[in-house]
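Student: Hello! I have a structure to read and would like some help with it. Could we go through it together?
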Amino acid sequence: MRETVNKQETLWLLAFSPAIWAIHFLLSYATASVWCAKISGRDNPIDGALLAILVYTVLALAGIFVVGWLGYRRHRIGNGNLPHDDDTPEDRTRFLGFATLLLSGLSAVATTFSAFVLFFFRRC
Amino acid sequence: MRGCVALFTLTILSGCTGVQSALDPAGREAGTIARLFWWMTIGSMIVWLGVIVLLIYSVRTRAESFTRRKARIMIVGGGVVVPVVVLTVLLLYGLAPIPAMLAPAPPGSLKIAVSGEQWWWRVHYLPPGQAPIPSANEIRLPVGEPVEFHLESPDVIHSFWIPPLGGKMDMIPGRKTRLVLTPSRTGVFRGACAEYCGASHALMAFSVVVQQREEFAAWLSHQSQPAESPQELLAIQGAHLFLANGCSACHTIRGTAAAGVVGPDLTHVGSRLSLAAGILPNDPNAFERWIGQTHDLKPEVLMPAFHMLPPEDTRALAAYLEGLK
């Protein structure tokens, strides 16, 4: 199905990827903290929490990919070329789509950086 | 102008060495941190130089000479690919040493409990299989051995930091934190509180002496012994005054009736390198000043000033305390 221009453009899509990044960070932090404080204890393996963080990361990256893909489709509507700065509903949609795509890229990198902890920390 | 530049350079360079410099490492953990610092600094300089070169290039080049493809490569390559690659490398390099630095010391290692208190350090050596050995405001370590510090605080947040030996660790009321340090060379260093903790935060330091194993064992054995009785008349008089004036309500001198636990253990105070948590030299004159002008030297400290004592009593107390080797 082809993306169409909506005259009542919403900004919500733009915020989704950074929001997923923030939620991933908070969930990972909370899971590791609660796991260490209530379940495994200090100096013990953190494997259960790491598995949960791995699942969060896969889900987050998938969500960011979907949002990025939606942004890309809006960016490619019609024949508009960058920088999408015409004062028309079409270019506004393309601009927001392109910004969504770029923010999704940034969010994907940041989420991956947050998940690097998986490779280095094996204990609380 | 030239003088200002010279002064600025000297000020910066003075941080590169000395008893409290993180850039002159004397321990395994500090070496890791110093290496990390230099690589991050070099990495930052390369990034900065690259950005400046690109800036000059973009300003001096005519816009028409950029093809669409070349411009895209510049934007995507310089704006996305290079920063992501550089940041990833620096992040991985920065994360890699952390697990080893957070790991507990091997079983059988020496453990030292340190409590940060406004504004001094309560120290207990916990040698395996022996009773804790109390001390204060000074830490001695055997060279080449990992030592595990157990850190806590009864009042406010302090932070335990010996820059030449390793990173700092907060001491948080109600929690126990841990720090492992492995000194790699002998010498005398200086530690300090690295978290603002009140009026005399800047006056909360301590000496750190790294010794050969045999020297350290002999020193620790001596520290575990009670205080020797004074022999000189002035010091004997000081010992009586110490009890008569209520000093013993707050201070312990093992082997005497003084068993207070509010302030530092003074059993071997005369053998320490400094007084009042690293702010005074250890000599009779400094003892006299500390007893009589306590709050001038360390504002808001719990210990009351004993300026009401006659000078001869203060002198006797100083002679007694200085003699507690």
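Student: Which residues lie nearest the centre of the largest pocket, and how many residues line it?

Tutor: Good place to begin, and do keep in mind that this is a predicted model. The largest pocket has 30 lining residues. Nearest its centre are Cys36(A), Phe121(A), Arg123(A) and Cys124(A), together with Leu102(B). The volume of the largest pocket is about 1200 Å³.

Student: Which helices and strands supply at least two residues each to that lining?

Tutor: From chain A, they are α1 (12-40), α2 (47-75), α3 (89-115) and α4 (117-120). Chain B adds α4 (98-102) and the strand β8 (177-181). The largest share belongs to α1(A), with seven residues.

Student: How many of the lining residues are nonpolar, polar or charged?

Tutor: Sorted by class, the lining of the largest pocket holds 17 nonpolar residues, six polar ones and seven charged ones.

Student: Now the interface. How many residues does each chain bring to the contact?

Tutor: Here we look for residues of one chain whose heavy atoms come within 4.5 Å of the other. Chain B brings 14 residues and chain A brings seven. About 1000 Å² is buried between the two chains, and carbon and sulfur atoms give 72% of that area. On the chain B side, Leu91(B), Leu95(B) and Arg178(B) lose the most area to chain A, and together they make up 38% of what that side buries.

Student: Which elements of chain B touch chain A with at least two residues each?

Tutor: Those are α3 (68-95), α4 and β8 of chain B. Of these, α3(B) gives the largest share of that side, six residues. By class, the side of chain B that touches chain A has ten nonpolar, two polar and two charged residues.

Student: How many salt bridges are there between chain B and chain A?

Tutor: The count is zero. For polar contacts across this interface, the rule also finds zero residue pairs, taking pairs with both residues at pLDDT 80 or more.

Student: Let's turn to the backbone. Where is there a cis peptide bond?

Tutor: Look at the step from Gln118(B) to Trp119(B): that peptide bond is cis, and its omega is near -5°. Trp119(B) sits in the loop between β1 (110-117) and β2 (120-126) of chain B.

Student: And which residue has a positive phi although it is not a glycine?

Tutor: That is Ala277(B), whose phi is about 60°. You will find Ala277(B) in another loop of chain B, between β11 (274-275) and β12 (280-281).

Technical notes. Residues numbered from 1 in each chain as written. Chains lettered and ligands numbered in written order. Predicted model: local features only at pLDDT ≥ 70, side-chain atom pairs only at ≥ 80, totals over all residues. Heavy atoms only, no water. 1 Å grid on protein atoms, 1.4 Å probe; cavity = no way out; pocket = protein on both sides within 12 Å on 5 of 7 lines; lining within 4 Å. Points joined across faces, edges and corners; volume = space filled by probe spheres on them. Helix = DSSP H or I, 4+ residues; strand = E, 2+ residues; numbered from the N terminus. Nonpolar A, V, L, I, M, F, W, Y, C, P; charged D, E, K, R; others polar. Buried area = accessible area lost by both parts, 1.4 Å probe. Salt bridge = Lys/Arg side-chain N within 4 Å of Asp/Glu carboxyl O. Polar contact = N/O pair within 3.5 Å; in protein donor to acceptor, adjacent residues only side chain to side chain.
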